[in-house]
Amino acid sequence: MDELDLTTSESKTTYEDITDYVLEHTGLKVSNLHIAQVKQKCGIIERANYNLPKSEDSRQPKYPPEKEAAIRAVLKFFGMV
């Protein structure tokens, strides 16, 4: 049960906070999609997404490796990973 409990920093960190931090410290612009993909890869469970694609074979753009590294660093900074 302890793994599922959110810390105070996790519950208050928003996507806007993450994008601002990445832009300020690395100069890279990241989208909410990039952040969600990295969070999913790290095992951070998000709430259910009700805006699903209509076809099952639809593709989403992948994030570049430098953006993944920057997002992971921010998630570690905020204590989410």
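Helix H4 and the core it lines

Q: Which residue just after H4 takes a positive phi?
A: This is a predicted model, in which local features need pLDDT of at least 70, side-chain atom pairs count only at pLDDT 80 or more, and totals for chains, interfaces and linings use all residues. Residues are numbered from 1 along each chain as its sequence is written, and side-chain values use heavy atoms, with hydrogens and water left out. Helices are DSSP runs (H or I, at least four residues), numbered from the N terminus. Just after H4, a positive phi of about 75 degrees is taken by Gly 79.

Q: How far apart are the end C-alpha atoms of helix H4?
A: The expected span of a helix is 1.5 Å times one less than its number of residues. For the 13 residues of H4 (residues 65–77) this should give 18 Å, which agrees with the distance between the end C-alpha atoms, 18 Å.

Q: What arc do the buried residues of H4 cover around the axis?
A: Buried means under 20% relative accessible area, exposed over 50%, and partly exposed in between (1.4 Å probe, protein chains only). In H4 the buried residues are Lys 67, Glu 68, Ala 70, Ile 71, Val 74 and Leu 75. They lie on the same side of H4 because their arc, taken from the directions from the helix axis to the C-beta atoms, is only 165 degrees.

Q: Which element gives the largest share of the largest nonpolar core?
A: A nonpolar core is a set of buried Ala, Val, Leu, Ile, Met, Phe, Trp, Tyr and Cys residues joined through side-chain atoms within 4.5 Å. The largest has 12 residues in all, among them Ile 18, Ile 35 and Ile 71. Two or more residues come from each of H2, H3 and H4, and the largest share, 4 residues, comes from H4.
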